[in-house]
Amino acid sequence: MSNTDFFRETSQSRYDLFVKHISKGGVCFTLADEEGCLNLTVGNERVLPIWPTAELANEWASTEHQEFSALEISNEAFVETWLPGMQNDNISVGVAPNMAGEGIVVQAMELKQEIQG
């Protein structure tokens, strides 16, 4: 599936594709610069956006966050370290937002439960 086709999918479809990818052992990507990971504010929530490929993350960053680039997170680290840490820090997960910034925002432990079935 091309990046354009992926971003045209519904938020639910992108979410489902991401969960399936991670459930099968895939890596994921967020955006980072020298100072750390990109955190967005959505309403009153801090949100870490994530994607299933570096290309999707970098394409998304190219519009408003050019100073950031894709950071690979191993499957084990994402599920066992990042998600529990994000829950502790009250940071939600923005799962594969599209180019308009639309996507499903979920609590970290909810996503972990979904990934683990």
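Let's start with a hollow: the residues lining the largest pocket split into 11 nonpolar, 5 polar and 2 charged. (Ala, Val, Leu, Ile, Met, Phe, Trp, Tyr, Cys and Pro count as nonpolar, Asp, Glu, Lys and Arg as charged, and the others, Gly among them, as polar.) Keep in mind that this is a predicted model, where local features need pLDDT of at least 70, side-chain atom pairs count only at pLDDT 80 or more, and totals for chains, interfaces and linings use all residues. Residues are numbered from 1 along each chain as its sequence is written, and side-chain values use heavy atoms, with hydrogens and water left out.

Back to that pocket. Rolling a probe the size of a water molecule over the atoms shows where empty space is left. Here a 1 Å grid is laid over the protein atoms alone, and a pocket is an open set of points where a 1.4 Å probe fits, with protein on both sides within 12 Å along at least five of seven lines; lining residues have an atom within 4 Å of a point. The largest pocket holds about 230 Å³ of space, a volume being the space filled by probe spheres set on the grid points, which are joined across faces, edges and corners. Among its 18 lining residues, Leu40, Trp60, Pro97, Gly101 and Glu102 are the closest to the centre. Two or more lining residues come from each of E3, E4, H3, E6 and strand E7 (104-106), and H3 gives the largest share, with 3 residues. Those labels are DSSP runs numbered from the N terminus: helices (H or I) have at least four residues and strands (E) at least two.

Now for the sheets. Strands of a sheet pair through backbone hydrogen bonds, either parallel or antiparallel. Two strands count as paired if DSSP finds at least two bridges between them. One open sheet has 4 strands in the order E3-E4-E6-E7, with mixed pairing. E3 and E7 are at its edges with a single partner strand each, so one side of each has no neighbour in the sheet. On average, neighbouring strands of this sheet are turned by 40° against each other, direction ignored.

Let's walk across it. E3 (residues 40-42) and E4 (residues 45-50) run antiparallel, joined by 3 bridges, and leucine 40 stands opposite valine 47 in E4. Their hairpin has 2 residues between the strands, and glycine 43 takes a positive phi near 65° there. E4 then pairs with E6 (residues 91-95) in the parallel sense over 5 bridges. Valine 47 turns up again here, with serine 92 in E6 as its bridge partner. Last come E6 and E7, antiparallel with 3 bridges, where valine 95 stands opposite isoleucine 104. Helix H2 (residues 11-23) packs on this sheet, touching E4, E6 and E7, and its direction makes about 55° with that of E7. For such packing, contact means heavy atoms within 4.5 Å. The axes are lines fitted to C-alpha atoms, for helices over the stretch in contact, and angles run from 0 to 180 degrees between N-to-C directions. Helix H5 (residues 108-116) also lies across E4, E6 and E7, at about 50° to E6.

What order do the 3 strands of the other open sheet take? They go E2-E1-E5, and the pairing is antiparallel. Strand E2 (36-37) and strand E5 (69-73) are the edge strands, each pairing on one side only. E1 (residues 28-33) is joined to E5 by 5 bridges, with cysteine 28 standing opposite isoleucine 73. Helix H3 (residues 54-64) packs on this sheet, touching E1 and E5, and its direction makes about 40° with that of E1. Helix H4 (residues 75-88) packs there too, touching E1, E2 and E5.
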